[in-house]
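Morning, everyone, and thanks for making room for me on the agenda. I'd like to walk you through a structure, so let me put it up on the screen.

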Amino acid sequence: MKLELTDPSLRLRPIQPADMDILLEIYGSTREKEMERVPHWSDLMKKEFIASQFRAQHDYYQKNYIGADFWIIEREGKTIGRLYFHHNYQGQGMRIIDISILPKYRNMGVGRSIFEDIIRKATEQECPVTIHVESFNPAKHLYTRLGFKTISETNGVYHLMEWKHTI
């Protein structure tokens, strides 16, 4: 599926095998605070842990989200993040599998812009949008401001949030 972005500085392109290093960096950036809580681990141990977790997640997404789009987010030609998106997940609407932005590009409106474009598409297609988010993820506040509501919770940590068009 083609997702039209309204911000002319942003572009989505399919991930390629050559993107694995930058995808690992993007993934690792989402775990930095967590790694600070294990000061007894060496930098090598942290790096190996993050790499193994990234590979496991990447393989899981590839195998379990057949038909999804796995994109690199670029701003003015620079890789700044990733968006994994299924336009018709289990026949029940759109699913944002993952969106991650590199730290130096966070809080600049990139995520909000992409979410608004997805919501616009969902409105056109009259379907909901869902995303899983950890309860402590700061992005959850953005999702709530955009109209997402928590519809289920797993282990008190993982929230399934949903946006639905209201008339």
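Let me start with a question for the room: which element gives the most to the lining of the largest pocket? The answer is E4, with seven residues. Before I go on, please keep in mind that this is a predicted model.

Now, the pocket itself. Its volume comes to about 1700 Å³, and 47 residues line it. If you want to find the centre, look for Thr30, Ile99, Ser100, Glu134 and Asn137, which lie nearest to it. Several elements give two or more residues to that lining, among them helix H1 (20-29), helix H3 (43-64), strand E4 (94-101) and helix H5 (139-145). As for chemistry, the lining divides into 22 nonpolar, twelve polar and 13 charged residues.

Let's stay with Ser100 for a moment. This residue sits in strand E4, and with a relative accessible area of 5% it is buried. Beyond its sequence neighbours, Ser100 touches Ile26, Thr30, Ile73, Ile80, Gly81 and Arg82. Its C-alpha is also 9.8 Å from that of Ile72, although 28 residues of chain separate the two.

Arg82, one of those contacts, takes us to the salt bridges. How many does the structure hold? There are nine. Arg82 pairs with Asp98, with the closest N and O atoms 2.7 Å apart. That bridge links distant parts of the chain, since Asp98 is in strand E4 and Arg82 is in strand E3, 16 residues apart. Are these two partners buried or exposed? Asp98 counts as buried at 13% relative accessibility, and Arg82 is buried too, at 1%.

A second bridge joins Asp7 and Arg75, at 3.9 Å from N to O. Asp7 lies in the segment before strand E1 and Arg75 in strand E2, so this pair ties together parts that are 68 residues apart in sequence. Arg75 is buried, with a relative accessible area of 17%.

For a local example, have a look at helix H4. Asp117 and Arg120 both lie there, three residues apart, about one turn of the helix. Their side chains meet at 2.5 Å, N to O. Asp117 is buried, at 3% relative accessible area, whereas Arg120 is partly exposed, at 39%. There is also a network, in which salt bridges with shared partners join Arg11, Arg13, Asp19 and Glu74.

Here is a residue I'd like you to look at: Lys140, in helix H5. Lys140 is buried yet has no salt bridge. The nearest side chain of opposite charge belongs to Glu153, and that is 6.8 Å away; a salt bridge needs nitrogen and oxygen within 4 Å. So what is Lys140 in contact with, leaving aside its neighbours within four places in sequence? Those partners are Val133, Glu134, Ser135, Thr150, His159 and Met161. You'll remember Glu134 as one of the residues nearest the pocket centre.

Last stop, the backbone. Most residues other than glycine have a negative phi. Two loop residues here have positive values. Asn107, in the loop between E4 and H4, has a phi near 60 degrees. Glu126, in the loop between H4 and E5, has a phi near 50 degrees. Asn107 counts as exposed at 84% relative accessibility, and Glu126 does as well, at 70%.

That's my tour; I'm happy to rotate the view and take questions.

Technical notes: Residues numbered from 1 in each chain as written. Predicted model: local features only at pLDDT ≥ 70, side-chain atom pairs only at ≥ 80, totals over all residues. Heavy atoms only, no water. 1 Å grid on protein atoms, 1.4 Å probe; cavity = no way out; pocket = protein on both sides within 12 Å on 5 of 7 lines; lining within 4 Å. Points joined across faces, edges and corners; volume = space filled by probe spheres on them. Helix = DSSP H or I, 4+ residues; strand = E, 2+ residues; numbered from the N terminus. Nonpolar A, V, L, I, M, F, W, Y, C, P; charged D, E, K, R; others polar. Buried < 20%, exposed > 50% of the residue type's maximum accessible area, 1.4 Å probe, protein only. Lys, Arg positive; Asp, Glu negative; His and termini not counted. Contact = heavy atoms within 4.5 Å.
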